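I opened a notebook page for a structure I had not looked at before. These are my entries, in the order in which I looked things up.

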Amino acid sequence: EVTEISGRGIGLDIVERNIESLHGVISISSEIDKGTQITIRVPLTLGIVQGFSVGVGDEIFILPLESVVGCIELPYCEQENINSRGVINLRGKVLPYVRLRDVFGIAKKSSVRESVVVIRYGDGEVGIAVDYLYGEGQTVVKPLARVLRSVPGIFGSALLGDGRVALIIDVAGLMRMTTSYNLENRQRRISHTITNGAEV
């Protein structure tokens, strides 16, 4: 019920930002005359994350598994789309997607057929287009070096079995980043930081 003290304290936007900072997901569902249900999902531990590994070019990225809904092949008509973003039909619903290679300025391999990882974001779903799907597994989160901490869309790193480093994607940060600024202008700085061998 609405009372004379309703609205005091912190706003729900602050709650959402703090949940996202823990790499969790918050969703709200309301029904008239029934009420509102708020669902909060957070990792069991912040040291180990169940992740889904994907590849873009020669780079490997890890998506938190609790955000992954499923995977589909990018439709043929969209394979020729040179834009950084697009929309596809997913079971009768419009699914906006962003190409991860464009976010981080990674060159495309011409023979690759892209896939889309469907991600739960807020109360809806979005897609992240990648070159390869490697599957799920447990990932030990390593803190980022100082030079990478200011890069949006990344919250940690993981050391792979072959000695390479994979970056762990901050889904909420990535979505905010791709909708809040001109992707072309900002990707140069991110790509420069990654390709110059910054210590992770």
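The entries below go from the whole chain to single residues.

**Entry 1: confidence**

I noted at the start that this is a predicted model. I looked up the average pLDDT and found 78 for the protein, with 81% of the residues scoring at least 70. I then looked for a weak stretch and found residues 181-190, where the pLDDT is below 50. That stretch has 20 contacts in the model beyond near neighbours in sequence. I leave those contacts alone, because predicted coordinates should not be read in detail where pLDDT is low.

**Entry 2: the whole chain**

I looked up the secondary structure and got five helices and 12 strands. The protein has 200 residues, and 42% of them count as buried. I also asked how far apart in sequence the contacting residues are. Taking contacts with a separation of 6 or more, I found that 56% are between residues 24 or more positions apart.

**Entry 3: the nonpolar core**

I looked up the largest nonpolar core, and it has 26 residues. Phe61, Leu63, Leu100, Phe104 and Leu174 have the most contacts inside this core. Which elements supply at least two residues each? I listed the strands β3 (48-56), β4 (59-64), β8 (115-121), β9 (124-130) and β12 (165-169), along with the helices α3 (100-103) and α4 (171-180). Helix α4 gives the most, with four residues.

I picked Leu63 for a closer look and left out residues up to four places away in sequence. Leu63 touches Gln50, Gly51, Phe52 and Val54 on the lower-numbered side. On the higher-numbered side, the residues Leu63 touches are Val68, Val117, Ile119, Ile128, Ile169 and Val171.

**Entry 4: Glu78**

I looked up Glu78 next and found this residue in helix α2 (residues 76-79). Glu78 is buried, yet has no salt bridge. How far away is the nearest side chain of opposite charge? That side chain belongs to Arg99 and is 5.6 Å away, while a salt bridge needs a nitrogen and a carboxyl oxygen within 4 Å. What the side chain of Glu78 does have is a polar contact with the side chain of Tyr97, at 2.5 Å. Not counting residues up to four places away in sequence, Glu78 touches Gly86, Val87, Ile88, Tyr97 and Arg99.

**Entry 5: salt bridges**

I looked up the salt bridges, and the structure holds five. I wrote down three of the pairs.

- Lys34 and Glu31 form a salt bridge, with their closest N and O atoms 3.5 Å apart. Lys34 is exposed, with a relative accessible area of 69%, and Glu31 is partly exposed at 46%.
- Arg113 and Glu73 meet through their side chains at 2.6 Å, N to O. This pair links distant parts of the chain, 40 residues apart: Arg113 is in the loop between α3 and β8, and Glu73 is in strand β5 (residues 68-73). Arg113 is partly exposed at 41% relative accessibility, and Glu73 is partly exposed at 46%.
- Glu114 and Arg99 meet at 2.9 Å, N to O. Glu114 lies in the loop between α3 and β8 and Arg99 in strand β7, so the pair ties together parts that are 15 residues apart in sequence. Glu114 and Arg99 are both buried.

I followed the last pair further and found a network of salt bridges that links Arg99, Arg101 and Glu114.

**Entry 6: Asp102**

I looked up Asp102 and found this residue in helix α3. Is Asp102 buried or exposed? Asp102 counts as buried because its relative accessibility is 15%, and the cut-off for buried is under 20%. I also checked Asp102 against Arg85: the two are 17 residues apart in sequence and 8.9 Å apart in space, C-alpha to C-alpha.

**Entry 7: positive phi**

Most residues other than glycine have a negative phi, so I looked for exceptions.

Asp33 has a positive phi near 70°. Asp33 lies in the loop between β1 (25-31) and β2 (35-41), and is exposed with a relative accessible area of 81%.

Arg91 is not a glycine either and has a positive phi of about 50°. Where is Arg91? I found Arg91 in the loop between β6 (85-90) and β7 (93-99). Arg91 counts as exposed, at 66% relative accessibility.

How values were computed
Residues are numbered from 1 along each chain as its sequence is written. This is a predicted model: local features need pLDDT of at least 70, side-chain atom pairs count only at pLDDT 80 or more; totals for chains, interfaces and linings use all residues. Side-chain values use heavy atoms; hydrogens and water are left out. pLDDT is the predictor's confidence in each residue, from 0 to 100. Contact means heavy atoms within 4.5 Å. Buried means under 20% relative accessible area, exposed over 50%, partly exposed in between (1.4 Å probe, protein chains only). Lys and Arg count as positive and Asp and Glu as negative; His and the chain ends are not counted. A polar contact is a pair of N or O atoms within 3.5 Å; within protein, one must be able to donate a hydrogen and the other to accept it, and residues adjacent in sequence count only if both atoms are side-chain atoms. A nonpolar core is a set of buried Ala, Val, Leu, Ile, Met, Phe, Trp, Tyr and Cys residues joined through side-chain atoms within 4.5 Å.
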